[in-house]
Amino acid sequence: MTTSPLHEGDLTEDGEPTRRDFIHIFGIATAAAGAGAVLWPLVHQMNPDASVLALSTKEVDLSAVPVGQAIKVMWQGKPVFIRHRTTEEIREAEGTPLSALKDSVARNDNVSGQAEATDAARVTAADGVARPEWLILVGVCTHLGCIPLGTTAGENRGEYNGWFCPCHGSHYDLAGRIRKGPAPDNLQIPPYEFVTDTVVKIG
Ligand code: FES
């Protein structure tokens with residue numbers, strides 16, 4: 001839209017805009033307000049609303065998961081394994097030297113991408129605190145995407161007492177790190193934070 005400038009001849013004797021100019025200026029202001037009214041719903045639509053955010057995160061109450069057991073939950077269409085590790089399991093995972101690992105990268109969305117795959121780095125939440133009793137993994141084999149066994153009681157946990165992917169024989173340890181088989185990477189750790197001592201929010 002083009003606007004014509006206000007000329008000296010358009011002013012009344014006391015220097016005020018004429019009625020014609022007043023109508024013109026009022027029209028411009030009304031058009032601008034109208035454009036803003038159209039724009040606001042468009043901008044507002046681009047903000048994720050609460051229902052979208054709720055789908056992208058998942059809160060899980062861990063109070064019913066006994067020590068030594070694990071559960072599987074779905075998050076963003078993917079299985080997530082949550083294991084309540086025993087003291088012995090934590091000790092074994094912590095005692096594994098990095099030299100024994102196939103993949104030395106932590107692959108934890110809550111820590112630096114350069115962090116090494118120590119047990120502590122594998123159980124660190126978004127607040128930077130390591131909670132060794134809780135191991136939280138995306139349950140998708142890093143070879144070709146099968147879902148490894150080992151979460152449900154009685155399933156084959158593989159040679160390292162973690163998870164076993166029967167598709168092509170990948171063995172993951174008690175920190176979800178790949179130890180044997182064709183899978184190249186450790187199981188991914190999703191972003192998560194503890195909302196309370198026993199409620200974790202994934203995503
Ligand atoms: S998909 Fe898991 S070993 Fe091939």
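**Exercise 1. Trace the order of helices and strands along the chain, and count them.**

Start at the N terminus of this predicted model and walk along the sequence: the pattern reads α-α-β-β-β-α-α-β-β-β-β-β-β. Counting the symbols gives 4 helices and 9 strands.

**Exercise 2. Find out how confident the prediction is, and where to be careful.**

Step 1: take the chain as a whole. Its mean pLDDT is 85, and 73% of the residues reach 70 or more.

Step 2: look for stretches with low values. Over residues 1–12 the pLDDT is below 50, and this stretch has 11 contacts in the model beyond near neighbours in sequence. Residues 38–44 also have a pLDDT below 50, and for this stretch the count of such contacts is 0.

Step 3: with that in mind, turn to the chain-wide totals. Of the 203 residues, 26% are buried. Among contacts with a separation of 6 or more, 46% join residues 24 or more positions apart.

**Exercise 3. Follow the pairing from E2 through E3 to E4.**

Step 1: begin with strand E2, residues 70–75. E2 runs antiparallel to E3, and 6 bridges join the two. For a pair to look up in the viewer, try Ile-71, which stands opposite Ile-82 in E3.

Step 2: inspect the connection. E2 and E3 form a hairpin with 2 residues between them. One residue of this turn, Gln-76, has a positive phi of about 50°, although Gln-76 is not a glycine.

Step 3: move on to the next partner. Strand E3, residues 78–84, pairs with E4 over 5 bridges, again in the antiparallel sense. Here His-84 has Trp-134 in E4 as its bridge partner.

**Exercise 4. Work out the layout of the open sheet of 3 strands.**

Step 1: write down the order, which is E5-E6-E7, with antiparallel pairing.

Step 2: identify the edges. Strand E5 (163–165) and strand E7 (178–180) each have a single partner strand, so one side of each is left without a neighbour in the sheet.

Step 3: consider the twist. On average, neighbouring strands of this sheet are turned by 30° against each other, direction ignored.

Step 4: check one pairing in detail. Strand E6, residues 170–172, is joined to E7 by 2 bridges, and Tyr-172 stands opposite Ile-178 in E7.

**Exercise 5. Which elements give two or more residues to the largest nonpolar core, and which gives the most?**

Step 1: size up the core. The largest nonpolar core has 26 residues, and Val-80, Ile-136 and Leu-137 are those with the most contacts inside it.

Step 2: assign the contributors. E3, E4, E5 and strand E9 (199–202) are the elements that give two or more residues. E4 gives the most, with 4 residues.

Step 3: compare this with burial in E4. The strand spans residues 134–138, and 4 of its 5 residues are buried.

Step 4: zoom in on Leu-137. Leaving out residues up to four places away in sequence, Leu-137 touches Val-80, Phe-81, Gly-176, Leu-187, Gln-188 and Ile-189.

**Exercise 6. Classify three loop residues: is each one buried or partly exposed?**

Step 1: take Ile-189, in the loop between E7 and strand E8 (192–194). There are 24 other C-beta atoms within 10 Å, and the cut-off for burial is 20 or more, so Ile-189 is buried.

Step 2: see what surrounds Ile-189. Beyond four places in sequence, its contacts are Arg-107, Asn-108, Asp-109, Asn-110, Arg-122, Ile-136 and Leu-137. Val-80 lies 109 residues away from Ile-189 in sequence, yet the C-alpha to C-alpha distance is 9.0 Å.

Step 3: return to Gln-76, in the loop between E2 and E3. Gln-76 has 13 C-beta neighbours inside 10 Å, so this residue counts as partly exposed.

Step 4: finish with Asn-161, in the loop between E4 and E5. Its 16 other C-beta atoms within 10 Å make Asn-161 partly exposed as well. Asn-161 also has a positive phi, near 60°, in a residue other than glycine.

Note on methods:
Residues numbered from 1 in each chain as written. Predicted model: local features only at pLDDT ≥ 70, side-chain atom pairs only at ≥ 80, totals over all residues. Pairing = 2+ DSSP bridges. Axes fitted to C-alpha atoms, helices over the stretch in contact; angles between N-to-C directions. Buried ≥ 20, exposed ≤ 12 C-beta atoms within 10 Å, placed from the backbone. Contact = placed C-beta atoms within 7 Å. pLDDT = per-residue confidence, 0-100. Core = buried A, V, L, I, M, F, W, Y, C linked by C-beta atoms within 7 Å.
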